[in-house]
Amino acid sequence: MIGASSFAAPLPELDEYVDSVELYIPKLGVYNGNTLDRERLSSILDELSTCDLETSIHAPYFADVPTYPSDLVVDTAAMDKQDFRLMEESIDLAAEIGSHAVVIHPGIQGGDYEKSFNKMIANLKELAAFASDRGVVLGLENKENTAPDNLCCGAEEVVRAVLEVDSPSLGITFDVGHANLTCRGDCGLLRHFARHFAEHVVHVHVHDNHGECTGDYFGDAHLGPGSGCIDYTVLEELSGFGGIFNLEVFSLDDVIAGRKKLDEIFP
């Protein structure tokens, strides 16, 4: 199944080209500060009901950029009561509309790596238990190691986190663009990365880059597939995966190009 993120285009336009939409909570406009605007959310769900789209959810996460709403910043290695509430609201939404997965980011490394990692694991266990009670699957996303202090950039580290949480409600969101940056554009390393993940993957993010820490966002350009250096046949390494390949790109043109690229690989 091929999907696209909700920030790429209005829902009716996405409905013409993809099978699923990832409701990107931080940029969906459903929060006033950190308070959920249920009227606004209901309006979006009403529009969604007129489309033939499956769903996934992207929960709030840590970002230190002006385009991200500061009231929705969540560092999964340092969560407080408000952070848990924000994450639980995304999980509850997923349960309400039958979403295939809820994407969550790993945390940020503090001064002590193991301490930060262990705090993240404890918080993920609590979130996974909450998700399990609601029949929801979480996908822990691998981050790019070109940005400082990200946890869970390497394949082994992400798998370690999932194994330590040890819940059927937590798997991996394989972000092929982030992995390409971590692998510095090396196709062989990227294939190894994908193979290491394969049995744990519950969701996939698809976008392109040049495998280098250049420009804004540490090289994480979220280009349309084919605009960077990624060989997308690497996705064939995810043998047995039957979930959503979500095009995490910023325009309808890139969604259309990405759909064409994926259809070539999975005719």
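This short talk covers the cysteines of the structure and two residues in its loops. Please keep in mind throughout that the model is predicted.

I begin with the cysteines. A disulfide is a covalent bond between the sulfur atoms of two cysteines. How many disulfides does a search of the whole structure find? The search finds zero. Cys183, for example, takes part in no disulfide, and the nearest cysteine sulfur, which belongs to Cys187, is 9.6 Å away. Cys183 is also buried, because its relative accessibility is 8% and the cut-off for that class is under 20%.

Let us turn to Cys229. Why does Cys229 form no bond with the closest cysteine sulfur? That sulfur, in Cys187, lies 6.6 Å from the sulfur of Cys229, which is too far for a bond. A disulfide would require the two sulfur atoms to be within 2.5 Å. As for its surroundings, Cys229 has 32% relative accessibility and therefore counts as partly exposed.

I now come to the backbone, and to two residues other than glycine with a positive phi. Asp166 has a phi near 55 degrees. Where is Asp166 placed? Asp166 sits in the loop that runs between α5 (155-165) and β8 (170-175). With a relative accessible area of 66%, Asp166 is exposed.

The second residue is Tyr217, whose phi is near 60 degrees. Tyr217 belongs to the loop between β9 (201-206) and β10 (245-247). Is Tyr217 buried, exposed or partly exposed? Its relative accessibility is 46%, so Tyr217 counts as partly exposed.

Thank you for your attention.

Notes. Residues numbered from 1 in each chain as written. Predicted model: local features only at pLDDT ≥ 70, side-chain atom pairs only at ≥ 80, totals over all residues. Heavy atoms only, no water. Buried < 20%, exposed > 50% of the residue type's maximum accessible area, 1.4 Å probe, protein only. Helix = DSSP H or I, 4+ residues; strand = E, 2+ residues; numbered from the N terminus.
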